[in-house]
Amino acid sequence: MDSADTDETPPDRRSAGFKDRTRVADARRRLLDAATPHERTERLSLVPADGRALAEPVSSPRAVPNYDRAAMDGWAVRARDTFGASDRSPGILRVADAEPHSVPETPVDPETAVRVHTGSKLPEGADAVVMIEHAEHVGDDLEVFDAVTDGENVAPVGEDVADGQELFEPGHRLRPSDLGLLKSVGVDRVTAYERPTVGVIPTGEELVQEDPQPGEVIETNGLTVSRLVDRWGGVPTYRNVVTDDESALRAAIQRDLTKDIVVTTGGSSVGARDLLPEVVDDLGEVLVHGVALKPGHPVALGIVEDTPIVMLPGYPVAAIVNAVQFLRPVLKYVGHLPDDPPPTTEAELARKIPSEPGVRTFARVKVDDDGRGNDGDDLGGDDASSVPTATPTRASGSGVLSSVALADGWVVVPEGREGFDVGETVTVEHWEWSA
């Protein structure tokens, strides 16, 4: 049988181009379905644990506070001894100790008061604290102008954290406030997942690190992507540029299969020098080649020996857009880290954003909150100054890096829209956040 009549003939990517492009959500799902979270863990002290995902639950080994303590500066008393006290008819108590102590030893006997400050242990016999501004020390007596109830102005045992209380579950990403809580309960080490490792391989025979000659280009994608990996919680290894040679590309990918993820930049399209998809397909499997997004539809996603391979386009803006859409979620998944959405701003569009039907478009914008577009256009309206405006950048090409670096975020036009009109309210994603 002629091989042309069989279903087993692999498609010729270079001749087919990108007639059938995968939707963003479907491409992302295929990549995540093929990936596997790593299970490496390590014991860490609190400072290096910041931002890490817990691998084990953490419970409190003690209550906080672990004693009844004064919640206000004032006088420790028995609440019943202040019954009926008021400005017009103050209660009179004997001062048993006029000096505040962090751990008072003087007990509170009937009709007596002991000076305490915020956080000090409540003396034996006391069950409430009269605020210092509600009493006056006169000689050996204390005049109380406001009655208190049992437990008033007292922080009881376990008010903050109970003994044995579960604080965090596995997978929780530790924040600075969490570290403070852990220290307060006496936890000084935790078990966390190791940061996922990522090999970052820039490719292209035209790339140089400095002093470009005609026909040469400064390598920026590898630098940008490696720093994004670090911000997103991974450990990047930023490799030297690999030329457009099949053997060199194969060796570079095989070298980094010890990493959790491999990401390449450049060489992902269907031109004569775009060899990466073929190399990856030979080593493993290309899951997706060509995605319905702009800029950057020539992205390719693959898997080799259980290692996800993210092949980013060479144009800088396209590389960044695809890194956020595909590299970030797979890095978070492999590293047990939450994939939190970016912060957003609702804004009024200063200029129209066109978009191709069926394609998800990422339009870079500047955000201005003075009621005028970033190009100075007056949007009109009496209350315009209270509404942020989003102005699409004039330079929109996928190779214009400044259109991202000098923007405040991007507006995502979904596949079902043919763009947004001027004056529409849009959501600006501030994608370049570190979480």
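Across which strands does helix α2 lie, and at about what angle to β18 does α2 run?

1. In this predicted model, helix α2, which spans residues 24–34, lies across β18, β20 (300–304) and β21 (307–312). The direction of α2 is at about 160° to that of β18.

2. The strands just named belong to an open sheet of six strands with mixed pairing, in which the order reads β16-β13-β17-β21-β20-β18. The edges of this sheet are formed by β16 (235–238) and β18 (285–289), each of which pairs on one side only. From one strand to the next, the twist averages 20°.

3. At the β16 edge, the neighbouring strand β13 (residues 197–202) pairs with β16 in the parallel sense, and four bridges join the two strands. Within this pairing, Val200 stands opposite Tyr238 of β16.

4. Helix α7 also lies against the sheet, across β13, β17 (261–265), β20 and β21, and the helix runs at about 170° to β21. Both β20 and β21 are thus crossed by α2 and by α7.

5. Helix α7 (residues 316–334) has a helical partner as well, namely α4 (residues 221–231): the two axes come within 11 Å and cross at roughly 30°. Because angles under 35 degrees count as roughly parallel, α4 is described as roughly parallel to α7. The crossing of α4 past α7 is right-handed. On the α4 side the contact is made by Asn221, Thr224, Val225 and Val229, while α7 contributes Pro316, Ala319, Ile320, Leu327 and Leu331. By residue class, this contact comprises seven nonpolar and two polar residues, with no charged ones.

6. A further helix pair is formed by α5 (residues 246–255) and α6 (residues 276–283), which pack at an angle of about 55° with their axes 10 Å apart. The two helices are therefore oblique to each other, and α5 passes α6 in a right-handed crossing. Here Glu246, Leu249, Arg250, Ile253 and Gln254 of α5 meet Leu276, Val279, Val280, Asp282 and Leu283 of α6. The residues of this contact divide into six nonpolar, one polar and three charged.

7. For a reader comparing the two helix pairs, the points to set side by side are the angles and the residue classes. The α4 and α7 axes cross at roughly 30°, and their contact includes no charged residues, whereas α5 and α6 pack at about 55°, with three charged residues in their contact.

Conventions: Residues are numbered from 1 along each chain as its sequence is written. This is a predicted model: local features need pLDDT of at least 70, side-chain atom pairs count only at pLDDT 80 or more; totals for chains, interfaces and linings use all residues. Side-chain values use heavy atoms; hydrogens and water are left out. Axes are lines fitted to C-alpha atoms, for helices over the stretch in contact, and angles run from 0 to 180 degrees between N-to-C directions. Angles under 35 degrees count as roughly parallel, over 145 as roughly antiparallel, 65 to 115 as roughly perpendicular and the rest as oblique. A crossing is left-handed if the near helix is turned anticlockwise from the far one by less than a right angle, and right-handed if clockwise. Contact means heavy atoms within 4.5 Å. Ala, Val, Leu, Ile, Met, Phe, Trp, Tyr, Cys and Pro count as nonpolar, Asp, Glu, Lys and Arg as charged, and the others, Gly among them, as polar. Two strands pair if DSSP finds at least two bridges between them.
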